[in-house]
Amino acid sequence: MSLPSKVSAATPAPESAPRQRRPPRHVQVSRVQALSPAMRRITLTGAELEGFAPVGPASYIKLIFPEPGQTEPSRPLPDGPRAVSMRTYTPLAVRPEALEVDVDFVLHGEGPASSWAAQASVGQVLFLMGPGPGYALDADAPHHLLIADDSALPAVETILAALPATARAQVLLEVITAAEERTLHSPAQLDLTWLERGTDHRAAGLPTEKALRALPPIAPDTNIYLACEAAAMRRIRTLLTSELGVSRNQIVGRGYWKLDVRNHPDHDYGEDA
Ligand SMILES: Cc1cc2nc3c(=O)[nH]c(=O)nc-3n(C[C@H](O)[C@H](O)[C@H](O)COP(=O)(O)OP(=O)(O)OC[C@H]3O[C@@H](n4cnc5c(N)ncnc54)[C@H](O)[C@@H]3O)c2cc1C
């Protein structure tokens with residue numbers, strides 16, 4: 001086959017147009033609610049939330065927090081470096097007409113996000129990116145098992161809200177103490193178990209593993225969403241597949257944070273294990 005005269009075989013293929021990244025949105029705190037000792041609900045608002053809409057259950061946003069010494073973060077440049085103090089959160093409730101989004105923060109201790117949430121007050125500024133997609137929920141599936149810790153409790157709430165009344169959802173939620181428990185709503189039939197981990201984060205996943213071993217057999221048509229500390233997610237997934245007869249393709253696993261790791265990547269599906 002002949003090539004057009006000005007094109008040699010070494011000419012690189014035309015590059016596809018660079019993906020248009022939506023600029024980060026300037027948002028301000030409009031409400032701060034202490035839901036429980038370790039959970040703070042922060043409502044963010046601002047004119048730049050125009051057009052911001054949820055993209056399904058367990059979707060995510062990126063929030064950019066102030067660096068040490070800053071009172072508010074600088075607006076990131078379109079082609080500038082990635083902000084150091086950027087972390088991943090779940091848009092729990094989005095009210096487009098009010099240009100508002102609620103985000104629930106676990107107050108776990110030191111970290112740009114957790115430390116900021118612990119002191120947050122009305123009027124403070126963040127930058128928000130996203131949203132990005134989350135869990136591809138099969139609404140026709142009859143059985144769902146949702147396994148999460150407190151960091152993925154908001155994600156679980158968005159999944160529960162999206163389930164139809166015909167579905168049954170078993171939910172295991174691991175939190176620090178019983179004071180973190182809250183009422184969860186779903187059109188589906190809910191079987192909810194709260195599990196207490198205590199304040200030692202090194203125990204992440206242990207109460208969940210114990211609870212899973214005590215469950216009756218898991219129905220073979222169960223869809224499982226598993227989101228928690230990264231090592232715990234891998235252990236729990238292995239427990240499900242090697243001891244509890246679940247096949248790996250029934251499970252969507254996500255490491256939401258990792259013990260002793262700052263800024264754990266937001267796309268940890270545990271594919272290394
Ligand atoms: C898709 C997705 C959605 C998420 N949604 C939410 C959400 O809605 N609410 C929420 O609270 N978190 C959510 N997370 C988890 C959140 O991104 C992490 O907890 C993040 O590390 C917090 O940042 P940080 O600056 O506070 O701490 P970092 O600077 O990242 O970490 C500092 C230290 O804190 C520890 N640490 C971090 N997170 C936790 C935790 N949850 N519990 C105990 N120790 C911790 C780390 O191991 C590290 O030692 C989500 C994560 C993903 C991937």
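Colleague: Let's start with the ligand: which residue places a polar backbone atom 2.6 Å from one of the ligand's oxygen atoms?

Modeller: Happy to begin there, with the reminder that this is a predicted model. Among the closest of the 26 residues that surround the ligand are T88 and D104. The polar backbone atom that sits 2.6 Å from a ligand oxygen belongs to K258.

Colleague: And what share of the ligand's area does the protein bury?

Modeller: The reference is the ligand taken alone, which exposes 910 Å². Of that area, the protein buries 94%.

Colleague: Which elements give two or more residues to the shell around the ligand?

Modeller: The space taken by the ligand is the largest pocket. Two or more residues of the shell come from each of β4, β6 (100–106), α1 (112–119) and β12 (251–257).

Colleague: Which residue has a side-chain N or O atom 2.8 Å from a nitrogen of the ligand?

Modeller: Let me separate two contacts here. S114 uses a backbone N or O atom, which lies 2.9 Å from an oxygen atom of the ligand. The side-chain contact, at 2.8 Å from a ligand nitrogen, is made by T90.

Colleague: Now to the sheets: in the open sheet of 7 strands, why is one side of β4 and of β5 left without a neighbour?

Modeller: Follow the antiparallel sheet across, in the order β4-β3-β7-β1-β2-β6-β5. The strands β4 (86–89) and β5 (93–95) stand at its edges, so one side of each lacks a neighbour, because each has a single partner strand.

Colleague: Within that sheet, which residue of β7 stands opposite H26?

Modeller: Strand β1, residues 25–36, pairs with β7, residues 125–132, in the antiparallel sense over 4 bridges. In that pairing, the residue of β7 opposite H26 is F127.

Colleague: Where does the cis peptide bond from G130 to P131 fall, that is, in which strand does P131 lie?

Modeller: A good one to check. Most peptide bonds are trans. The bond from G130 to P131 is cis, with omega near 10 degrees. As for its place, P131 belongs to strand β7.

Colleague: What is the phi of L99?

Modeller: First its place: L99 is in the loop between β5 and β6. Most residues other than glycine have a negative phi. L99 is not a glycine, yet its phi is positive, at about 55 degrees.

Colleague: What is the average twist from one strand to the next in the 5-stranded sheet?

Modeller: This open sheet has parallel pairing and runs β10-β9-β8-β11-β12. Its edge strands, β10 (189–196) and β12, each pair on one side only. From one strand to the next, the twist averages 10 degrees.

Colleague: One last pairing: which residue of β11 stands opposite L145?

Modeller: Strands β8 (residues 143–149) and β11 (residues 222–229) run parallel and are joined by 6 bridges. Opposite L145, the residue in β11 is I224.

Technical notes. Residues numbered from 1 in each chain as written. Predicted model: local features only at pLDDT ≥ 70, side-chain atom pairs only at ≥ 80, totals over all residues. Heavy atoms only, no water. Pairing = 2+ DSSP bridges. Near = heavy atom within 4 Å. Polar contact = N/O pair within 3.5 Å; in protein donor to acceptor, adjacent residues only side chain to side chain. Areas by Shrake-Rupley, 256 points an atom, 1.4 Å probe, with all protein chains shown as cover. 1 Å grid on protein atoms, 1.4 Å probe; cavity = no way out; pocket = protein on both sides within 12 Å on 5 of 7 lines; lining within 4 Å. Sits in = over half its atoms within 2 Å of the grid points. Axes fitted to C-alpha atoms, helices over the stretch in contact; angles between N-to-C directions.
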